[in-house]
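Me: I'd like to go through this model and check what stands behind each label. Can you take me through it, cut-offs included?

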Amino acid sequence: MFDFGLKDIIDIVLVALMLYYCYRLMKESRSLNVFIGIMVFIVTWLFVSQILEMRLLGSIMDKLVSVGVLVIIIIFQDEIRKFLYNLGAHQRVRSLVKVFKNDDKSSERSTDKETIIPIVMACMNMARRKVGALIVIERNIPLDDIVATGDVIDAAINQRLIENIFFKNSPLHDGAMVIARKRIKAAGCILPVSHNVDIPKELGLRHRAAMGISQESDAIAVVCSEETGRISVAVKGNFQLRLSAEELESILTKEMSIIE
């Protein structure tokens, strides 16, 4: 008699959740057709080897599956890294980690203010003069590969320095500035551009680059529009547009407070 218990229900639910998460991940990375192709191959393999019990074809497909696992890891290494990061960044996992940490947050809050205020003031001045700017703030995922594409500065965060870097005649104004560990690490950096079709058409290349880096990492991307003078922030693949100084400061304070 077929035995079907609570453990089997949990097993099916977990597999369904895993497949659904993989589906969402592939859809976001524009690899949905590849995911569908893999699922079709797996279903065919199970049908041939388990139901029809075709030994020759089944053994060939078994070999393809064993090699295919390595191929999938190589092809989808970025997606796998993103999945593992999201798993580690989950709020409950982070809460468990914080139990074993005994950090003094009071000094960090004052230091965060010293980091945030110059960025906010510089963005407001640049927005008022319609100077285009793109500032990326590193959080838990290192941006060393992005820093390597620009010119290393490694200077203290300073309002005038930020404005001078993005001045229209500056050779570094077209790229992105990367701020990491409370210092300006580099400027003129090249960012991955998002191909998300949901981004409004009126938003330019700076906004697409901000969206791209926010999708591939946990970084905060601040954009000053050269055309409209409006300030936007991209976090975790989502935009917050037309921000005031108070709203920008509030968002940066909230998002930078979860840096471990």
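Reply: Sure. There are six salt bridges in the structure. Before the details: this is a predicted model, where local features need pLDDT of at least 70 and side-chain atom pairs count only at pLDDT 80 or more, while totals for chains, interfaces and linings use all residues. Residues are numbered from 1 along each chain as its sequence is written, and side-chain values use heavy atoms, leaving out hydrogens and water.

Me: What makes Glu163 and Arg129 a salt bridge?

Reply: The term asks for a side-chain nitrogen of Lys or Arg within 4 Å of a carboxyl oxygen of Asp or Glu. For Glu163 and Arg129 the N to O distance is 3.6 Å, so the pair qualifies. The two sit 34 residues apart, with Glu163 in helix H8 (residues 159-165) and Arg129 in the loop between helix H6 (105-128) and strand E1 (133-137). Those helices (H or I, at least four residues) and strands (E, at least two) are DSSP runs, numbered from the N terminus.

Me: Why is Glu163 called buried?

Reply: Buried means under 20% relative accessible area, exposed over 50%, and partly exposed in between (1.4 Å probe, protein chains only). Glu163 has 14%, so it is buried. Arg129, at 44%, counts as partly exposed.

Me: What about Asp154 and Arg183?

Reply: Their side chains meet at 2.9 Å, N to O, in a salt bridge. Asp154 is in strand E2 (residues 151-156) and Arg183 in strand E4 (residues 183-189), so the pair ties together parts 29 residues apart in sequence. Asp154 is partly exposed at 37%, and Arg183 is partly exposed at 32%.

Me: Which class does Arg206 fall into, buried or exposed?

Reply: Arg206 has a relative accessible area of 18%, so buried it is. Its salt bridge with Glu226 spans 3.4 Å, N to O. Arg206 belongs to helix H9 and Glu226 to the loop between E5 and E6, 20 residues apart. Glu226 comes out at 32% and counts as partly exposed.

Me: Why does Asp218 have no salt bridge?

Reply: The nearest side chain of opposite charge, Arg139, is 4.3 Å away, and a salt bridge has to be within the cut-off, so this pair doesn't count. For charge, Lys and Arg count as positive and Asp and Glu as negative; His and the chain ends are not counted. Asp218 is nevertheless buried, in the loop between helix H9 (205-216) and E5. A polar atom of the Asp218 side chain does lie 3.2 Å from the backbone nitrogen of Ile141.

Me: How do you know that strand E6 is largely enclosed?

Reply: Five of the five residues of E6 (residues 231-235) are buried, so the strand is largely enclosed by the rest of the structure. Both faces are covered: Ile231, Val233 and Val235 on one side, Ser232 and Ala234 on the other.

Me: What makes E5 and E6 a pair?

Reply: Two strands pair if DSSP finds at least two bridges between them. E5 (residues 220-224) and E6 have five, in the antiparallel sense, so they pass. Val223 of E5 has Ser232 as its bridge partner in E6, and Val223 is buried at 0%. E6 and strand E7 (residues 238-240) are also antiparallel, over three bridges, with Ala234 partnered by Phe239 in E7.

Technical notes: Polar contact = N/O pair within 3.5 Å; in protein donor to acceptor, adjacent residues only side chain to side chain.
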